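Visitor: I have a chain here that I'd like to talk through. Can you walk me around it?
Guide: Sure. Let's bring it up.

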Amino acid sequence: MKLISTISFTCFLLFSISLTAQIQIDWLEITEEPGPNGTIQLHATNTGYCPLTLILDFDKLKNFKVKESLPIKKVVPNGKNSIPIATLTPQKNKSTEYSIKLSYHLGNTVKTKHDNDHVYLLPFEKGKKCVIGQGYNGRYSHTGLNALDFDMKVGTKVCAARAGVVIATKEDSDRGCKTNKCKSLANYVLIYHKDGTFASYVHLKKNGASVEVGDVVEAGQVIGLSGNTGWSSGPHLHFEVYIPRENGNVGVKTKFLIEDEKVAHLQEKKSYTAFHP
Ligand SMILES: [Zn+2]
């Protein structure tokens with residue numbers, strides 16, 4: 001087995017509009033193994049915390065035939081096992097050479113569906129009340145985006161709205177501004193759910209992530225402190241649940257548990273009190 005490539009490059013995580021975060025992961029390993037009849041098989045291993053959708057093509061391919069059609073798109077589940085990605089057959093008695101070109105998306109961009117029956121908790125502490133400063137498809141920065149802004153003062157405890165595993169965090173920024181020039185300055189926590197969707201909790205204060213990559217979190221657990229970093233017009237929490245897709249993630253409207261154990265879709269300018277069972 002020969003290690004071809006450990007991917008450790010920057011991926012533009014398409015958090016949509018409020019955040020264009022650059023996430024570095026080094027979960028993906030491509031190895032070369034001898035296959036039957038002199039073929040070469042490329043395998044991928046994902047040692048991370050969620051599936052990755054891999055796009056593989058070749059920069060150079062001299063005197064090889066590739067069995068799969070190019071580019072190869074494959075979902076690589078996380079875990080210890082490697083999965084076959086490509087089979088290369090060298091032409092006899094010719095000098096051969098290849099080099100691969102890789103990109104990936106976080107999550108399974110082929111098959112993920114949101115569990116629309118799932119009831120989310122409000123992402124702040126039980127009994128606390130917050131106003132939706134900007135709702136789904138809001139005019140300030142949510143045009144075409146299913147995301148919610150909960151107004152809250154800097155330092156408010158942010159709770160996981162749903163259980164999952166922490167995929168990425170950023171907490172080194174202490175800056176923000178009212179234009180999209182600042183969007184890469186937002187601190188955040190990104191959580192992966194068991195139905196394959198993700199939730200982003202954005203604009204956290206400096207050092208405001210209280211979880212680490214790989215942590216398993218329960219719904220209602222405190223994951224950080226709110227802030228005003230990134231593209232933001234005032235202290236709030238931007239919350240978004242999305243389905244990973246190759247051509248841009250798709251945000252979804254989710255149901256929340258609110259006071260008196262009612263379940264509701266949240267609306268702009270209304271205030272809601274968290275009920276955590
Ligand atoms: Zn927002």
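Visitor: What domains does the domain assignment give the chain?
Guide: Domain 1 covers 2-106, and domain 2 covers 119-273. Keep in mind that this is a predicted model.

Visitor: How far apart do the C-alpha centres of domain 1 and domain 2 lie?
Guide: Those centres are 32 Å apart. As for the whole chain, its C-alpha atoms fill a box of roughly 75 × 35 × 30 Å along the principal axes.

Visitor: How many helices and strands are there in the chain?
Guide: The count is 0 helices and 26 strands.

Visitor: Pick a sheet. What is the strand order in the open sheet of 3 strands?
Guide: The order is 11-24-25, and the pairing is mixed. Strand 11 (119-121) and strand 25 (262-264) are the edge strands, each pairing on one side only. On average, neighbouring strands in this sheet are turned by 45° against each other, direction ignored.

Visitor: In which sense do strand 11 and strand 24 pair, parallel or antiparallel?
Guide: Parallel, over 3 bridges. Strand 24 spans residues 255-258.

Visitor: And which residue stands opposite V119?
Guide: K255, in strand 24.

Visitor: New topic: burial. What share of the residues counts as buried?
Guide: Of the chain's 277 residues, 40% are buried.

Visitor: Now contacts. Of those with a separation of 6 or more, what percentage comes from residues 24 or more positions apart?
Guide: Such residues account for 69% of these contacts in the chain.

Technical notes. Residues are numbered from 1 along each chain as its sequence is written. This is a predicted model: local features need pLDDT of at least 70, side-chain atom pairs count only at pLDDT 80 or more; totals for chains, interfaces and linings use all residues. Domain bounds come from an automatic or database domain assignment. Two strands pair if DSSP finds at least two bridges between them. Helices (H or I, at least four residues) and strands (E, at least two) are DSSP runs, numbered from the N terminus. Axes are lines fitted to C-alpha atoms, for helices over the stretch in contact, and angles run from 0 to 180 degrees between N-to-C directions. A residue is buried if 20 or more other C-beta atoms lie within 10 Å of its own, exposed if 12 or fewer, and partly exposed in between; C-beta atoms are placed from the backbone. Two residues are in contact if their C-beta atoms, placed from the backbone, lie within 7 Å.
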